[in-house]
Amino acid sequence: MTMTATAAYWEPLWAQGRRYRQLDEPETRLLGEHLGPGRGRPALDIGCGDGALTRHLHHQLGYRATGIDCSPTALALAAAKDSADKPGPLWKCADIGAGDLTALPEPAYAVITCRLVYRWLEDKAAFVNRVRRLLVPGGVFWVVAEIAGRRKSTDPLQSLGITLAEAEILTSAWSVVRTHDLDVLRCYALRP
């Protein structure tokens, strides 16, 4: 079953209080190793949800981060965690799969992240092509996805991850592909 990355699916889940896997130390360590210091360069977090990764890019790594999500409730949760004394990331309601990318604040990004979103996109090849057009030369596309079949066979979410064919669509057009496994997740650092 393929779900979509549209607000019609995600908005009710966020509004009903559904929350998703949080960032942890092993994942943030890998982010620092592969993305390096931001030095004010632009970063885009696709499907930012409550904004944890976007805030990490902005505050800990030093990128000028923008988080986009198709769910207004998720974006409201993200913005609510910002403080007036410390400027936070920019939050935008957008659907990367179908939305108008001219509404993004930057024409290109040094880093684009996509955490636990890739699996839900219907046209994965088109999505990867859109990201490639938004990434500056030498930039990094950071993807975190669950790999299908890594959960116990009795786990109702056992088939949640991406297949080998979907992983191939993700990685085939990049000159540098680095991967790291974290339990059921695989982290991808992709460079043009």
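This report describes the sheet, the helices, the nonpolar cores and some individual residues of a predicted model.

## The sheet

The model contains an open sheet of seven strands, arranged in the order β3-β2-β1-β4-β5-β7-β6 with mixed pairing. Its edges are formed by β3 and β6 (176-182), each of which pairs on one side only. Averaged over the sheet and with direction ignored, neighbouring strands are turned by 15 degrees against each other. Strands of a sheet pair through backbone hydrogen bonds, in either the parallel or the antiparallel sense, and this sheet, its pairing being mixed, can be followed pair by pair.

The parallel sense is found between β1 and β4, which are joined over four bridges, and here Ile-46 stands opposite Cys-114 in β4. The antiparallel sense is found between β5 and β7, which are joined by six bridges, with Trp-142 having Ala-189 in β7 as its bridge partner. Seven bridges join β6 to β7, and these two strands also run antiparallel; Asp-181 stands opposite Arg-186 in β7. Strand β7 is largely enclosed by the rest of the structure, because five of its seven residues are buried.

## Helices α5 and α6 against the sheet

Helix α5 lies across β1, β4 and β5, and runs at about 145 degrees to β5. Helix α6, in turn, lies across β5, β6 and β7, and runs at about 25 degrees to β7. Strand β5 is thus named in the packing of α5 and also in that of α6.

Two packed helices are described by the angle between their axes and the distance between the axes. For α5 and α6 the axes come within 9 Å and cross at roughly 25 degrees; an angle under 35 degrees counts as roughly parallel, and α5 and α6 are therefore roughly parallel to each other. The crossing in which α5 passes α6 is right-handed. At this contact, Lys-124, Ala-125 and Val-128 in α5 meet Glu-166, Ile-169 and Leu-170 in α6.

## The nonpolar cores

The largest nonpolar core has 26 residues, and those with the most contacts inside it are Ile-112, Tyr-118, Phe-127 and Phe-141. At least two residues of this core are supplied by each of β1 (42-46), β4 (109-115), α5 (124-134), β5 (135-146), α6 (164-171) and β7 (185-191). Apart from this core lies another, of 18 residues, among them Tyr-63, Ala-65, Cys-187 and Ala-189.

Phe-127 illustrates how the largest core is connected: leaving aside its neighbours within four places in sequence, Phe-127 is in contact with Ile-46, Ile-96, Cys-114, Tyr-118, Leu-121 and Phe-141. Among these contacts of Phe-127 are Ile-46 and Cys-114, the residues that stand opposite each other where β1 and β4 pair.

## Helix α3 and its surroundings

In helix α3 (residues 52-60), the buried residues are Leu-53, Thr-54, Arg-55, His-56, Leu-57 and His-58. The buried residues of α3 pack against helices α2 (25-35) and α4 (72-80), and against strands β1, β2 (64-69), β3 (90-93) and β4. Just after α3, Gly-62 takes a positive phi of about 85 degrees.

## Lys-124, Leu-116 and Asp-183

Lys-124 is placed in helix α5, and with a relative accessibility of 6%, where under 20% is the limit for burial, Lys-124 counts as buried. Leaving aside its neighbours within four places in sequence, Lys-124 is in contact with Tyr-118, Arg-119, Glu-166 and Ile-169. The C-alpha atoms of Lys-124 and Arg-29, which are 95 residues apart along the chain, are separated by 27 Å.

Two loop residues have a positive phi without being glycine. Leu-116, in the loop between β4 and α5, has a positive phi of about 60 degrees, and with a relative accessible area of 28% Leu-116 is partly exposed. Asp-183 lies in the loop between β6 and β7 and has a positive phi of about 45 degrees although it is not a glycine; the hairpin of β6 and β7 has two residues between the strands.

Key: Residues numbered from 1 in each chain as written. Predicted model: local features only at pLDDT ≥ 70, side-chain atom pairs only at ≥ 80, totals over all residues. Heavy atoms only, no water. Core = buried A, V, L, I, M, F, W, Y, C linked by side-chain atoms within 4.5 Å. Buried < 20%, exposed > 50% of the residue type's maximum accessible area, 1.4 Å probe, protein only. Contact = heavy atoms within 4.5 Å. Pairing = 2+ DSSP bridges. Axes fitted to C-alpha atoms, helices over the stretch in contact; angles between N-to-C directions. Parallel < 35°, antiparallel > 145°, perpendicular 65-115°, else oblique. Left-handed = near helix turned anticlockwise from the far one by under 90°.
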